[in-house]
Each structure stands twice: as structure tokens, then as C-alpha cells.
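The following paragraphs lead the reader through a structure, from a single residue to a sheet and then to an interface between chains.

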Amino acid sequence: MKAEVKQEVERAKEMITGADLLIESLADAQVDTVFGYPGGAVLPIYDALYRSEAPFKHILSRHEQGSIHAAEGYARVTGKPGVVLATSGPGATNLITGITDAMMDSLPLVIFTGQVAKGVIGTDAFQESDVMGITTPITKYNYQVSQLSELPRIVKEAFHIASTGRPGPVVVDIPKNISQELTPPNFKNDFYLPGYQPTKRPNPLQIRKLADALSRSKKPMLLTGAGAVFAKASEELKDFAEKFQLPVANTLLGLGGFPGTNGLSLGMAGMHGTYAANMGMYEADLLINIGARFDDRLTGNLEHFAPHAKVAHIDIDPAEIGKNVPTAIPVVGDAKEALQALLDSPIDQPDHQAWKEKLLNNKRDYPLWYERSTDVISPQWLTEQVYRMSEGEAIITTDVGQHQMWAAQYYAFDKPNRWVTSGGLGTMGFGFPAAIGAQLGAPEDLVVALVGDGGFQMTLQELSVLKEKNLPVKVIIVNNEALGMVRQWQESFYEERYSESIIANPDFVKLAESYGIRGMKVDKEEDVASVLEDIFDYDGPVVVDCRVEQKECVYPMIAPGKGIHEMIGVTK
Amino acid sequence: MKRIITATVQNQSGVLNRVTGMLNKRQFNIDSISVGSSETEGIAKMTFVVEVSDPQKLEQLTKQLNKQIDVIKVSDITDKAMVARELALIKVGGNGPLRAEIQGIITPFRASVIDVSKDSLTIQVTGKPDKVEALITLLRPYGIKELTKTGVTAFLRGQQPAKQVTEINSFSI
């Protein structure tokens, strides 16, 4: 009898909670940073975090949206999944914008949400929300843990799904009773996903077809997107473009995948892309898309998109091929492997010297331009100074809108994973928290959050995190006292009826100071260089309120509904 | 054009919601969906009858279905030799002499009366959708009180002819 009792006691001593198991599983997944915010349904998890000696740090945001955008910034810069932890109900619903943003931009995230105890799910309990229902359309996959024994497997699957194939966000919803339940340590996490087997290696036949098309082409061109960056294919891409002397246009999210200062780079394509990139796509006879999804902001009116081109499309997600643009040569696979296969194929050099020269002449003859203001700082000029003073080496994060387009136009990224922007969803308030995650992911690098005065005010509560963690993020507010892109469209398409787009702002210097952060204001060109030099040298967080011309517009532009050959504002 | 698509899926909770949510989000027109278990435990079969405008839309549909983590295999079996059947329950008003008349109508359809009450009877019919539709049309004048259909379920015939057939045309769905 006594021996049995003793055994029982021993076993009870070994028991751990579901929350402990979760922490162990995260450690097993090599997680080094968790972005989160506590609350009722995740109290057991935060308690386990407190008790554990987990080899990762937890970054407490001031709003769950801050957590998830930070995780996105972290994922973009490191290429590793960003991990988020939030409570049930409002904690989970505050994540929705970030989850959707990550889904649109294919960012690997694993998001853990607390849930009310299993017994009360479905009863409209306090802080209950239907996380599975809400997140099904905005995640790559989602789970609700119904038995504790499944937890290690689910966590492993979640990281696998988030980070392989076309990356994306995965939600794991954990009812409170599961994280409280006791279990003997169990780390059984083998899994088998018969319905999820992403094709990495491209079909050799398709590679052959693409090689043949290239050797016969007179007007070939490359368009590269974020897929090339996720595949870590920058080297192969550069080798391929240089070997065949192919002009390269980048999508917004593809910037940095191919060096912006390379002689073959035509810059960004699309609505605010360069004349050379857009006319190149219009006139090309072979357009090779590497990991871009032919978004409407890139293609303009589809009727006029690449009308003369045979389209080849390399993508790890087969559903993107042929979705918007008819594709003659589909290549399903990883961009790196596909490019390597092309480099290994015997391909005759295409006869396209005249074409290449034409595109490079377009690049020389129709550069980006702006009227530099004499009395106020021009935002484009400011962006150029940020580029110059950071020697093109900074990690730049942005919100959405004018300042984002100017950053894309005037900051020539030479390396991948340095450009952190909300492309697909176009999320205001993304840039600043994303910079926090980016800085945590790349502690040695200069991280600059170029944000709008509108967007910054959507998530500026995260200044607390900057102060608390003393992260040396440089926040540069491109302040035009307006929702610039909204104002621009009202000017161009709504007869200058500036409906609710001119905004009153707080004193950003005092605001920063109230968080214990250095605040500065610049409104004269002559001060810009010294301020930038100062803040880039300063080892700590800074907020710079940079006053810029309000009436400035982003050009060139393809107006909505127009084709890529119908750009306006190409020249002064 | 109407197409019959089958999908083999992991029988997880929420899988139907995932699939229908995706179809709805991407603006596909679905005529019917039927779901049920298959010969393998943990694996379910879904059959969709869809209306798509062009081959490009159709390709998107199958690709988007395939992209779902829980979906193991997707087949467009429209142009294959297949068996496709649905079941309908039809409650019509009728008493006395009408009953005999209705019985006369349903017999050639190999349908059967499965419930009778004082002033109504319920008919069960199974078959290809056009056959089911034909019977419904014939019964309509008698006053259909209630109607429910399962949606089409289908799979390939055991043997495929060497020459391609278009069975779907034979019942014009």
C-alpha cells in the first residue's frame, strides 16, 4: 500500500500543466521572442512563463495590434516565424488586422490565443469570441486545442505550416482548461499532413520550356516579388539576371530581392512604379515573374497588362499562377530552386541587346522627379537624405500611403529583408510597431520607422515598449498634417474636396518626451542633415517630427482603371 | 458551365466551414455541396456542383480547394465516366383518388412513398439530378408542401472508356 501511495506522489510531482507544455513546445521550436499581452484566459500561460526558465524573451506591447505588427516586422527581417500570444475575446479580436496583414503579405506567424474554458465555449461567456470562425478566412490554417495530449503536435504543425511553402499566419486557440490541466510530461509531436505537401522542386519540363522561351525572346524581362525574398533566392536571382543581362523590375514587396543599385534594376513597377519598369512590362515579349502575385496595384487594368508578352510565372503557390494574368509557362516551385535549375540549364543567350538598351535608356531618360520646395522640406528629398545618411544600409519600416511610396521609390534597397512594409492590406499603424519587431530581430542594425503623422497615431502607444526595452529605433514622422494619399486622391479625383483628410496633430516632441524618449522637430532643409547624423549616431530611441510640404503628390502614377502604359506625371 | 468537383478531405472539425468560406470569399457559385464519410476512417468526401464562367475560373476553383491544408485531393470528374446521384424528399398534398394518380406518376421514376398522412404523402426519389428535377416538375401541380434535396454525390465509374465521355451532358446539369 505504502509503495503505491509513494509512487502516486512521485507521479504527481512530475505532472506539469498544459501551459508548461506550451512553453516547452515553444522552446523546442527554437522560439527566441514572443510578442504578447496577458489577460484572463492566458493567465495560466503567463504564470508558466513566469515560473519557467524559458530561453526566450517576452515583449509586452501596449495593444495587441502592436504585438502582432511587431511579430510581422520580426518575421520579415529574420525570415523566422513571429510568435504572438494574446488572451481570448478582445485580445484575439485586436489581432485581426495584423493576422490579415500577414496573410496578404505571406508572413510566417504563429499566434496563440487564449480561449474560455471548453465547458463554456458557445455560451457567449465573458471574453469569449469565436476565434476559429473569425480567423478561418484570414489564416493559412487554424487550430483549437481540444485535448491537451494534442498540444505538442499542434504547436509543431503550426510552425511547420507557417514557415514552409508559401508562408502565412497560423492561429492556435487554447481553451483555459487545457492550459490549466495537469499532465505527465509528453512531447509526442510527430505529425503527418497528407493535404499539405508544398512542391519545392520545379518540374524540369517547365524549366526547359522557360529556358527555350528565354533563348528565343527578343524582349525578355524579369519581375520579382516577395517570393524571391522568402526563398532566399537573391544570389541566384542576381546571377540569373546578370548571366542573361535581363532588366529587372521589383514589386513593392520584392524590393531588395534584387539590388536596387544594380545597373539592370528598373526599380519598382506598378501604380507608382518607374516609367522604365512599367513600359518594360507593357512592351516585353517574355515576362518572367518570380514570386509575385500580379496584384492589381502592380498590373493596373489587366486588359493592358503585358499585352505582347508570353508570361512565365514561378511561384510556390500554384493558386497564384493564372489567377489574374493568363500564364503560358507555369512553374510551381521554390524560387531559389527554380532559378538554380535555370542557371544549370544550357540556354542560348537571347538576342536582346537593342531591347535592353531601350529599357536602360528609359531608366536614364525618365527618372523619378519632384519639384524641390524652396521654403518647406520636400518629403521625397527627405527620403533621399535618409537613404544617403544611412548609406542605404538601414532597415526601413513604413505604414501605407505617400511616405511608403516615396520610401519605395527613393530608398534603393540592395539587400533583402531590409524593407518592412504593409503591401497587400495597406495597414496604417503598421510601420512603428513593425520597427520594434525588426529591431529585436536585428539588434545590431539601424532601424528607421518612416511613418506618416496619421498612421503613427494609430499605434504610437508602443512608444512605451521602445522606452522599456531601450530599443534604438529611429522614428521619422513624415508629417504633412494630412492623410497624404487620401488628400492626393481627393485632389486628383474628387475636385479638391478634402473631406476629413487634413488633420490636427499633437506636439510629437512633447509626446515622445512624455514617454521618456528623445523628441525632435525639423522644419528646415538646412537642419535635416545634422539631425539625421545626430539620431543615427545616437544609441537610443528618437522620435523626429519632420514637417514636410502638404500638397506634394506621389508621381508618376497609373490612375485607377488605366493601363500600365498610361502613366501620368512621368516628367515635370 | 456546370462542373462536378470531388474533394477528399481530412475529416476535421470546421473543414466544411473552411471550404465553403473560401468558396464564398472568392465568389464562386455553388449549386450544391454534399459531404459524408468515405471508405477510410478520418477521411471525408465532398462533392460540389459549381457554376463557373470560364476555364480560368474553374482552374482557380480547383487550385484554391487544393490549397486548403485539409484537402488531400481534388478532381474535376465532369468529363469522366462517373456515377452522380442525389436524393430528394418531396411532400405533396393528396388524399383519396389523387394518391393513386401520384403513385402512377412516380412509378416510372422508381421513386417510393415513404410516409403517408391524412392529407399528404412523402416521396423519396434518387437518381441523376435531371431525373429528380423531372419528377419534381411533374409533382408540382399537386402542391409541393415541402422539398429537400441532398445535393449531388458522385464518383468515377470502375472502368473508364478509352474515349472521353461527357456523362454530365446526358443529364444536362
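A:Arg364 is exposed, because 9 other C-beta atoms lie within 10 Å; a residue counts as exposed if 12 or fewer other C-beta atoms lie within 10 Å of its own, as buried if 20 or more do, and as partly exposed in between, with C-beta atoms placed from the backbone. This is a predicted model, in which local features need pLDDT of at least 70 and side-chain atom pairs count only at pLDDT 80 or more, while totals for chains, interfaces and linings use all residues. Residues are numbered from 1 along each chain as its sequence is written, and chains are lettered from A and ligands numbered from 1 in the order in which they are written.

A:Arg364 belongs to helix 16 (residues 353–365) of chain A; helices (H or I, at least four residues) and strands (E, at least two) are DSSP runs numbered from the N terminus. Between the C-alpha atoms of A:Arg364 and A:Ala276 the separation is 8.7 Å, although the two residues are 88 residues apart along the chain.

Chain A also contains an open sheet of 6 strands, in the order 16-15-17-18-20-19, with parallel pairing; two strands pair if DSSP finds at least two bridges between them. Strand 16 (419–420) and strand 19 (518–522) of chain A each have a single partner strand, so one side of each lacks a neighbour in the sheet. Strand 18 (residues 474–479) and strand 20 (residues 542–547) of chain A are joined in the parallel sense over 6 bridges, and A:Val475 has A:Val543 of strand 20 as its bridge partner.

Between the chains, 17 residues of chain B are in contact with 14 residues of chain A, contact meaning that the C-beta atoms, placed from the backbone, lie within 7 Å. Helix 2 of chain B provides the largest share of the side of chain B that touches chain A, 6 residues.

How values were computed. Contact = placed C-beta atoms within 7 Å.
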